[in-house]
Amino acid sequence: IGRRAEDTDTEISGQIVDANTRKGIPDALVIALRPDIRVQDFLRQQKREMIFSSARTDRNGRFTLDRQLPKGQAYGLLVIARGYRDLAIESALRVTANAPEQAQLDPIPLQRE
């Protein structure tokens with residue numbers, strides 16, 4: 001008996017907030033890189049095929065990545081929003097083998113430029 005695909009992947013959602021006001025930031029771009037791609041390499045080359053999943057935040061700063069992340073991997077995370085400093089974290093999203101099918105991240109704060 002095989003496992004259904006959704007059992008082996010995790011849906012990631014969260015919120016991007018202003019570091020000072022803690023209010024959601026609308027229209028921020030959230031990118032999860034492929035597990036074999038380093039953040040530095042992406043920042044240098046910025047090729048679309050280096051991205052595993054992405055999302056734009058809604059008016060409250062909330063997002064859900066457009067593809068579920070396979071478990072047992074670590075993914076670099078980038079967050080880009082107009083008027084804020086870009087955030088880039090190597091292996092920020094660690095999806096363990098026993099991760100739930102849906103994971104809610106803690107709010108991710110961005111600093112104003």
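Reader: This is a predicted model. What share of the contacts in the protein chain with a separation of 6 or more comes from residues 24 or more positions apart?
Author: The share is 67%. A contact here needs heavy atoms within 4.5 Å.

Reader: What makes up the secondary structure of the protein chain?
Author: One helix and nine strands. Along the sequence the pattern is β-β-α-β-β-β-β-β-β-β.

Reader: Why is the protein chain called as compact as a globular protein of that length?
Author: Its radius of gyration is 14 Å, and the globule rule gives 13 Å for 113 residues. The two values are close, so the chain is as compact as a globular protein of that length. Along the principal axes, the C-alpha atoms fill a box of roughly 50 × 30 × 20 Å.

Reader: Why does I16 count as buried?
Author: Buried means under 20% relative accessible area. I16 has 0% relative accessibility, so it counts as buried. Across the protein chain, buried residues make up 39% of the 113 residues.

Reader: Where is I16 found, and in which strand?
Author: I16 is in strand β1, residues 9-18.

Reader: Which residues does I16 touch, not counting those up to four places away in sequence?
Author: Among them are I25, V30, F63, V79, I108 and L110. K23 and T57 are also touched.

Reader: How far apart are I16 and A103, in sequence and in space?
Author: They are 87 residues apart in sequence. C-alpha to C-alpha, I16 and A103 are 15 Å apart in space.

Reader: How far apart are the mean positions of the positive and negative charges of the protein chain?
Author: The chain has 18 positive and 16 negative charges. Their mean positions are 3 Å apart.

Key:
Residues are numbered from 1 along each chain as its sequence is written. This is a predicted model: local features need pLDDT of at least 70, side-chain atom pairs count only at pLDDT 80 or more; totals for chains, interfaces and linings use all residues. Side-chain values use heavy atoms; hydrogens and water are left out. Helices (H or I, at least four residues) and strands (E, at least two) are DSSP runs, numbered from the N terminus. Buried means under 20% relative accessible area, exposed over 50%, partly exposed in between (1.4 Å probe, protein chains only). The radius of gyration is taken over C-alpha atoms; the globule rule is 2.2 Å times the number of residues to the power 0.38. Lys and Arg count as positive and Asp and Glu as negative; His and the chain ends are not counted. The place of a charge is taken as NZ of Lys, CZ of Arg, CG of Asp or CD of Glu.
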